[in-house]
Amino acid sequence: MDGRTQPQRLDAAQLGAELGERATLVQFSSAFCQPCRATRRTLDEVAGMVDGVAHVEIDAESHLDLVRRLDIAGTPTVLVLDAGGEVVRRASGQPRTVDVVAALGHAI
């Protein structure tokens, strides 16, 4: 993880979508973010390949309270949540498919 001592947990109400049965990929995006589009495709692809994994995209500008609470500094930022909604990994920038799959290994 990123060294935080307090685990961060998100639920369906905060995300505006249901959590995945096994894990959830949460993507913070902004309207004019070119890497966000590629990130969306990558996360959709991984969620389609791995049973029980959901991809939720959140517009950072429309959810500033959540962005501040989670200390999201830029887009795209991806959080990997376990089945209970706990953040187990996070990364900024456009991820590679192999890295997303590896991060899911920590959640599932």
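**Figure 1. Salt bridges in the predicted model.** The structure, which is a predicted model, holds four salt bridges. Three of the views below show one salt bridge each.

**Figure 2. Arg 9 and Glu 86 form a salt bridge.** The closest N and O atoms of Arg 9 and Glu 86 are 3.0 Å apart. This pair links distant parts of the chain, with the two positions 77 residues apart in sequence numbering. Arg 9 belongs to the segment before helix H1 (12-15), whereas Glu 86 sits in the loop between strand S3 (77-82) and strand S4 (87-92). Arg 9 has a relative accessibility of 45%, so Arg 9 counts as partly exposed.

**Figure 3. Gln 8 and its contacts.** Gln 8 lies in the segment before H1. The relative accessible area of Gln 8 is 13%, which is under the 20% limit, and Gln 8 is therefore buried. When neighbours within four places in sequence are left aside, Gln 8 is in contact with Arg 69, Leu 70, Gly 85, Glu 86, Val 87 and Arg 90. Among these contacts is Glu 86, the residue that forms a salt bridge with Arg 9.

**Figure 4. Asp 65 and Arg 68 meet in a salt bridge within helix H3.** The N to O distance between the two side chains is 3.8 Å. Both residues lie in helix H3 (residues 64-69). Asp 65 and Arg 68 are three residues apart, and this spacing is about one turn of the helix. Asp 65 is exposed, as is Arg 68.

**Figure 5. Arg 96 and Asp 99 form a salt bridge.** The closest N and O atoms of this pair are 2.9 Å apart. Arg 96 has a relative accessible area of 53% and is exposed. Asp 99, with a relative accessible area of 37%, is partly exposed. The two residues fall in separate classes because exposed means over 50%, a limit that the 53% of Arg 96 passes and the 37% of Asp 99 does not.

**Figure 6. A disulfide joins Cys 33 to Cys 36.** The structure holds one disulfide. A disulfide is a covalent bond between the sulfur atoms of two cysteines. Here the S to S distance is 2.2 Å. The torsion about the S-S bond of Cys 33 and Cys 36 is about 85°, and the disulfide is therefore right-handed. Cys 33 is buried, with a relative accessible area of 9%. Cys 36 also counts as buried, at 1% relative accessibility.

Methods
Residues numbered from 1 in each chain as written. Predicted model: local features only at pLDDT ≥ 70, side-chain atom pairs only at ≥ 80, totals over all residues. Heavy atoms only, no water. Disulfide = S-S within 2.5 Å. Buried < 20%, exposed > 50% of the residue type's maximum accessible area, 1.4 Å probe, protein only. Helix = DSSP H or I, 4+ residues; strand = E, 2+ residues; numbered from the N terminus. Contact = heavy atoms within 4.5 Å.
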